[in-house]
Amino acid sequence: PLYAMRESLHHYAHGGPIDPTAVYGVISLFLWALTLVVTVKYVVFIMRADNRGEGGTLTLMALAQSVLGRGTVLPFALGIVGAALFYGDSIITPAMSVLSAIEGLKYVTPVFEPYIVGISLVILIGLFAVQARGTGKVAAFFGPIMLVWFLTLGGLGIMHIGDDLGILAAFNPFHAGKFLLSHGLIGLFVLGSVFLAVTGAEALYADMGHFGRLPIRLAWLLIVFPSLTLCYLGQGALVLKHPEFAKDPFYMMVPVEWGLWGKAPLVLLATVATIIASQAVITGAFSLTQQAVRLGLLPRLEIRHTSETQLGQIYLPQINRMLLVGVLALIVLFQTSSKLANAYGIAVTGAMLADTALFFLVAWKVWRWNVGLVVGLVLPLFLIDLAFFGANALKIPDGAYLPLVFGALLILLIWTWVRGTAIVARKEKRDSLPLIDLIRMLEKSKPVRVPGTAVFLTSDPDTAPAALLHNLKHNKVLHKRNIMLTIKTAEVPRVPESEQLQIDEMSDDVKRIVATLGYMETPRVPHLLALARRRGLNFDIMQTSFYLGRRSIKPSANSGMPLWQDNLFIFLAREATNATDFFHIPSGRVVEMGSQVTV
């Protein structure tokens, strides 16, 4: 509501006179976009697709893969594209939101106008700086502030609907259709700006795991949707009565006679609301990255938990720095929210297209709905998404290429990591020794035994860990107790503790533990071993050593990837957080055994 009406009318009039039929058409497009895209598509249907309470593009991908198989290309590709474009949205949303709010200062007093960009930069630097501390202490204020914000939006709308009650005709979709059909290319440009009214719906679904389906639906249907509807109707009525206010109808909704004491509090409230909205997108990016790492789409990244009671309170330093650099670069490059609006939207429409396609697969294959019913439901929604995507594609020369380039780079990184890890896994499996064969060999050779327990982490529970083979080769000793630990990721967000461990007794002195965790859970090896002890596995944690393999990866001309992609994969592997920190193993008890692998 800060900028959607302004940008839509700007694309229509370019500073010229405003035709009342255009106002009816634009407001009608707003109302029906909110109804069809957010309410029908996301709140009613897509939010049904939860994976044990979690939502988001990767959740839809995991649901589809649970039936079609992890190797199925279509859901995997859609999931990667949707996730990559969500990161593009995570960079543009804070920049666009905060900058558009701070621009209201020029209506308080023109003195602030030269400092709008600087103030926006300071606020955003502060926002990203506090991420490491977590938002737990201030999050209790988020709900009440947003409630005041939406009630303010609704109240401002009610104040102005009486300016021209004819605006209520915008509820008739005829005006939306007539506007698009009668204005040709200009109508498409306006449609691209109308989409600004529904950005955030994909984040609403991604944050479902933090709040739950029912609270989000109630908040949207009872507070947010009515408030936005009233606000847009009020802006439309205001512009019909005062066409000169089309340059910024949101801030013009504050009556002139209220002066400084009317606009200043609104600017402050808008700024705080946009900071909270930016926080929601940043949190969504952190959660998405955690899911991607656990699903093997990205290398191990440092994940810090900032709250002892809230699972979703996490902080990823590398992602935080990436988002901060991107946000600051956008503000410095574009300077105004009007210019930045050209880059906004295409990443969101792309992510929404991916969500719609994945929802089709989930409804058809997972829920087993009648295929005719699914096509009848999804096809109109897909066509709406496609129309918005095409409209936003017209903005590519004016800046919309930036989120597409950023998304393409992320897709390249994810594809390189997935492809490279598959090549390494194949080579290691080809050169490995089955665990059962090694146990038989050890029963015959009888190596020297030392007291204590050794825990070997391995990605394949059926093969002997490379660290174990290196230890036998170089140190020629074996501990009295040996545990082979494999941590797998399930296609559900969380796995109950009672179902996490499978313990197999391979021999008197070799035990195998296969731990299965959800993609939203943090792998903590000491905690898993404590669960194993409660299940009857007898060992002294104070006399336990942890053996990890450390790969030294070299490029190869015959890897199956181009040499540049080999080097990119090696760079990603070097940037990954070490296994000791990622699995929360006491560093003083870790022994690393090196090996060289070519890709």
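**Figure 1. Helices and strands across the whole protein.** This predicted model contains 24 helices and 8 strands. Along its principal axes, the C-alpha trace spans about 95 × 55 × 45 Å. The radius of gyration is 28 Å, which agrees with the value near 25 Å that a compact globule of 599 residues would have. Among contacts between residues at least 6 apart in sequence, 81% join residues at least 24 apart.

**Figure 2. The surface and the charged side chains.** Here we turn to what is covered and what is not. Buried residues account for 54% of the 599 residues. The protein exposes about 25700 Å², and carbon and sulfur atoms supply 63% of that area. As for charge, there are 48 positive and 38 negative side chains. The centres of these two sets lie 8 Å apart.

**Figure 3. Strand 3 and its two parallel partners.** To find your place, start at strand 3, residues 448–457. Strand 3 runs parallel to strand 4, residues 477–489, and 8 bridges join the two. Two pairs help you to follow this pairing: Ala454 has Asn482 of strand 4 as its bridge partner, and Leu457 has Leu485. Strand 3 also pairs with strand 7, residues 544–554, again in the parallel sense, over 4 bridges. In that pairing, Val455 stands opposite Phe546 of strand 7. A helpful thing to keep in mind is that side chains in a regular strand alternate between the two faces of the sheet.

**Figure 4. From strand 4 across to strand 6.** Strand 4 pairs with strand 6, residues 510–517, as well as with strand 3. Strands 4 and 6 run parallel and are joined by 8 bridges. For a landmark, look for Ile487, which stands opposite Ala515 in strand 6.

**Figure 5. Ser90, a buried residue in helix 4.** Helix 4 covers residues 73–102, and Ser90 is part of it. Ser90 counts as buried because its relative accessibility is 0%, below the 20% cut-off. Which residues does Ser90 touch, leaving aside its neighbours within four places in sequence? Ser90 is in contact with Val281, Ala285 and Leu323.

**Figure 6. Phe389 in helix 18.** Phe389 belongs to helix 18, which covers residues 371–393. With 27% relative accessibility, Phe389 counts as partly exposed. Beyond its neighbours within four places in sequence, Phe389 is in contact with Ile346, Thr349, Gly350 and Leu353. For a sense of scale, Phe389 and Leu413 are 24 residues apart in sequence and 24 Å apart in space, C-alpha to C-alpha.

**Figure 7. Lys476, a loop residue with a positive phi.** Lys476 sits in the loop between helix 21, residues 466–474, and strand 4. Is Lys476 buried or exposed? Its relative accessibility is 54%, so Lys476 counts as exposed. Phi of Lys476 is near 55°, a positive value in a residue other than glycine. That is worth a second look, because most residues other than glycine have a negative phi.

**Figure 8. His584, another positive phi in a loop.** His584 lies in the loop between helix 24, residues 579–582, and strand 8, residues 590–598. What is the phi of His584? Phi is near 55° here, a positive value in a residue other than glycine. His584 has 27% relative accessibility and therefore counts as partly exposed.

Conventions: Residues numbered from 1 in each chain as written. Predicted model: local features only at pLDDT ≥ 70, side-chain atom pairs only at ≥ 80, totals over all residues. Heavy atoms only, no water. Rg over C-alpha atoms; globule rule 2.2 N^0.38 Å. Buried < 20%, exposed > 50% of the residue type's maximum accessible area, 1.4 Å probe, protein only. Contact = heavy atoms within 4.5 Å. Areas by Shrake-Rupley, 256 points an atom, 1.4 Å probe, with all protein chains shown as cover. Lys, Arg positive; Asp, Glu negative; His and termini not counted. Charge placed at Lys NZ, Arg CZ, Asp CG, Glu CD. Pairing = 2+ DSSP bridges.
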